[in-house]
Amino acid sequence: MPDFDVFVIGAGSGGVRFARIAAQNGAKVAIAESRHWGGTCVNLGCVPKKLMVYASEGAEAAEDARAYGWDIKTGAHDWQKLIAAKDKEIERLDGIYKSMLGKAGVELFIGRAKLIDANTIEIGPGPLDEQAEPRRVTAKRIVIATGGRPTRPPIEGADHAIISDQAFHLKDRPERICIIGGGYIGVEFAGIFAGLGSQVDLVFRQDLPLRGFDQELREKLHEALPHHGITVHAGQSPERIEKLGESSYRVTLGNGESIETGLVFFATGRKPNIDGLRLEAVGVTLKNGAVAVDERSATNIANIFAIGDVTDRINLTPVAIAEGHILAETLYAGQARSWSFETTPKAVFFSETLASVGLTEEEAVGEADIEVFTAAFRPLRQTLIGRDRKAFMKLIVERESQKVVGAHMMGDAAAEMMQGIAIAVTAGLKKIDFDRTIGIHPTTAEEFVTMRSPTRQRERTPRS
């Protein structure tokens with residue numbers, strides 16, 4: 001008789017949600033975590049990053065306040081105070097995660113787990129308990145939910161650079177920082193450090209940042225980066241990092257250009273965190289370094305499942321949570337609710353937020369004739385400030401059905417607006433449904449329901 005009905009390896013967002021729902025449906029559940037309860041999102045990702053984004057907006061908010069008549073006398077920022085406050089909040093959230101699991105009846109194991117066979121797990125020492133004695137338990141089913149981890153490119157001097165995990169615990173804010181990578185992490189941290197007063201160099205190998213986003217949105221971001229004090233090195237990759245002295249480095253790029261900086265930060269992507277799990281030893285199939293699963297989150301081994309970033313599908317926290325919830329209900333409730341993964345919204349919390357849902361223009365025109373509606377304007381908030389910053393909004397409509405298949409935005413509160421727009425796109429609403437909705441005035445959001453004439457129409461161009 002196995003010790004547990006199901007054993008979860010990894011207490012991140014997906015693993016915790018699965019464990020709670022499975023336990024609430026009568027399963028005897030255990031979960032192992034070696035590093036921190038709540039996973040990357042809570043400890044070294046979404047939550048602390050968003051807190052730092054808020055902090056980085058302070059200087060601009062003070063500048064705005066002056067334009068609106070406030071007497072703001074100091075613009076100094078205390079980095080240590082920010083990090084201490086952030087750490088206190090993360091500690092609180094860690095406790096909440098542990099408490100939720102305990103109240104649901106989930107047994108908690110602290111340590112690094114690995115598979116001995118398809119039903120046996122060994123939990124040994126890990127960062128949370130380096131003196132733990134190895135312990136073996138058995139389970140009818142196993143769920144892998146170990147998430148992802150940052151990567152370093154294989155270049156000379158790579159060890160001189162930090163990765164995103166370390167960025168949350170820097171003793172001091174660097175006066176100058178070189179960030180390598182033009183994805184979510186690179187762009188967001190470029191905005192954070194620039195907003196806090198650092199001199200930022202942003203290096204990425206593509207011509208535009210944010211690969212995978214709508215092309216027009218990427219172009220708008222590329223234009224905006226220098227206006228936030230960020231020096232852009234597009235189409236370049238680092239070849240070498242040299243340490244010149246204490247907090248002094250030289251980054252040599254492929255074109256021979258060099259950047260002298262106080263800190264180098266790799267934001268060059270993440271990969272599934274599977275090292276040490278012994279998945280291959282028990283026959284679990286991997287694909288491109290990720291755990292291969294079907295639409296049910298099942299691996300090729302009948303009783304082993306995987307959810308979240310470790311599967312390298314849609315690597316977003318809400319998706320991992322949905323996958324965990326669906327799997328738990330499928331296995332222990334007999335049926336599961338559904339989520340629309342095809343219309344998963346996403347956001348980049350840069351100084352000017354970017355948000356999207358549905359198809360990009362490039363994807364949509366590959367499937368059908370389309371109409372594209374766009375608007376670019378200076379929001380009311382900016383008028384007294386005098387800052388030349390425009391909001392950009394975009395709807396993509398399938399011409400024949402008039403269904404809105406994509407929405408994209410760059411500007412203040414874009415993510416908050418896009419969550420509501422995502423409901424409309426998920427529901428398959430048509431452009432006329434937007435048109436007959438009365439706007440809230442004066443807001444930026446009302447532009448989504450007042451765009452009447454298409455900016456352009458495009459014939460279907462199937463992608464080869």
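**Salt bridges, a helix crossing and a nonpolar patch**

Colleague: What is the relative accessible area of Glu89?

Modeller: Glu89 counts as partly exposed, where buried means under 20% relative accessible area, exposed over 50% and partly exposed in between (1.4 Å probe, protein chains only). This is a predicted model, in which local features need pLDDT of at least 70 and side-chain atom pairs count only at pLDDT 80 or more, while totals for chains, interfaces and linings use all residues. Residues are numbered from 1 along each chain as its sequence is written, and side-chain values use heavy atoms, with hydrogens and water left out. The value for Glu89 is 25%.

Colleague: Which residue meets the side chain of Glu89 in a salt bridge?

Modeller: A salt bridge here is a side-chain nitrogen of Lys or Arg within 4 Å of a carboxyl oxygen of Asp or Glu. The partner is three residues away in helix H5, so the two are separated by about one helical turn (helices, H or I, at least four residues, and strands, E, at least two, are DSSP runs numbered from the N terminus). The partner is itself partly exposed, at 46%. The N to O distance is 2.7 Å, and the residue is Arg92.

Colleague: At what angle do the axes of helix H3 and H5 cross?

Modeller: Axes are lines fitted to C-alpha atoms, for helices over the stretch in contact, and angles run from 0 to 180 degrees between N-to-C directions. The axes of H3 (residues 46-56) and H5 come within 10 Å and cross at roughly 145°. Residues in contact (heavy atoms within 4.5 Å) include Leu51 and Met52 of H3 and Glu89 and Ile90 of H5. The angle asked for is roughly 145°.

Colleague: How many residues apart in sequence are the parts tied together by Arg389 and Glu352?

Modeller: Arg389 forms a salt bridge with Glu352, the closest N and O atoms being 3.6 Å apart. Arg389 lies in the loop between helix H11 (381-385) and strand E23 (391-398), and Glu352 in the loop between strand E20 (346-348) and strand E21 (354-358). Arg389 is buried at 10%, and Glu352 is buried at 5%. The pair therefore ties together parts separated in sequence by 37 residues.

Colleague: Which residue forms a salt bridge with Arg399?

Modeller: Arg399 is partly exposed, at 24%. Its partner is also partly exposed, at 49%. The closest N and O atoms are 3.3 Å apart, and the partner is Glu459.
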